[in-house]
Amino acid sequence: MLKSFEHIGMTVSDMDRAIDFYCGLLGLSLVLRKTMANGMQVAFLDAGGGMLEVFAPPGGASRAVDVPEDTAGMRHLTFHFDNVDETFGRLEQAGVEIKERPRLAVHSEMLNKIAFIRDPDGIVVELAERSQSRQG
């Protein structure tokens, strides 16, 4: 029986930079960080309803490439915030790369407002504010 969403694994070029972004700017919590025998760094970052398992290879990694609409793959990570405008403003002030400014969501049954930014490796991150019927 399914209990919940557990985690998604992703590769980053620099672990310190990723932790600064996801924990320091977005508010995730660092649960575990260690270096494996092969030099690969790994960290688990708690997002409240699931985690990111972040890998940083010893030699770094290339910048992420957006997944084309006609290609299978992960298009973005989405995090739920109380107020997208406020969060976006804080991230913009911090110099985060902007992909799309806050706007009303197309899927208004699920979400009220959304915005898109990029993490330090170019991975697309969606900021989402739930609609009144989906609060909680």
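Which side chain meets that of Lys113 in a salt bridge? In this predicted model, the partner is Asp85, with an N to O distance of 2.7 Å. The two residues come from distant parts of the chain. Lys113 sits in strand β7, while Asp85 belongs to helix α2, which spans residues 84–93. They are 28 residues apart. Their surroundings can be read from their accessibility. Lys113 has a relative accessible area of 18%, so it counts as buried. Asp85 reaches 40% and is therefore partly exposed.

That pair is part of a wider set. The structure holds 8 salt bridges. Side chains of opposite charge can pair when their charged atoms come close. Glu92 and Arg101 form another of these bridges, and their closest N and O atoms are 2.7 Å apart. Glu92 is partly exposed, at 34% relative accessible area. Arg101 is partly exposed as well, at 47%.

Next comes the bridge between Glu97 and Arg118. Here the closest N and O atoms lie 3.6 Å apart. Glu97 is in strand β6 and Arg118 in strand β7, so this bridge ties together parts that are 21 residues apart in sequence. Glu97 is partly exposed, with 36% relative accessibility. Arg118 is buried, at 14%. The link does not stop with these two residues. Salt bridges with shared partners join Arg63, Asp66, Glu97 and Arg118 into one network.

Now turn to the pockets. The largest has a volume of about 550 Å³. Its lining is made up of 23 residues. Nearest the centre of this pocket are Ala47, Gly49, Thr78, Phe79 and His80. Three elements each give two or more residues to the lining: β4 (51–56), β5 (77–80) and β8 (124–130). Strand β5 gives the most, with 4 residues. By type, the lining of the largest pocket divides into 14 nonpolar, 6 polar and 3 charged residues.

The second largest pocket has a volume of about 390 Å³. It is lined by 16 residues. Arg75, His76, Arg103, Phe116 and Glu126 lie nearest its centre. The elements giving two or more residues to this lining are β6 (97–104), β7 (111–118) and β8. Its residues divide into 7 nonpolar, 2 polar and 7 charged.

Some strands appear in both parts of this account. Strand β7 holds Lys113 and Arg118, and it also gives residues to the lining of the second largest pocket. Strand β6 holds Glu97 and lines that pocket too. Strand β8 contributes to the lining of the largest pocket and to that of the second largest.

Technical notes: Residues are numbered from 1 along each chain as its sequence is written. This is a predicted model: local features need pLDDT of at least 70, side-chain atom pairs count only at pLDDT 80 or more; totals for chains, interfaces and linings use all residues. Side-chain values use heavy atoms; hydrogens and water are left out. On a 1 Å grid over the protein atoms alone, a cavity is a set of points where a 1.4 Å probe fits but cannot get out, and a pocket is an open set with protein on both sides within 12 Å along at least five of seven lines; lining residues have an atom within 4 Å of a point. Grid points are joined across faces, edges and corners, and a volume is the space filled by probe spheres set on the points. Ala, Val, Leu, Ile, Met, Phe, Trp, Tyr, Cys and Pro count as nonpolar, Asp, Glu, Lys and Arg as charged, and the others, Gly among them, as polar. A salt bridge is a side-chain nitrogen of Lys or Arg within 4 Å of a carboxyl oxygen of Asp or Glu. Buried means under 20% relative accessible area, exposed over 50%, partly exposed in between (1.4 Å probe, protein chains only).
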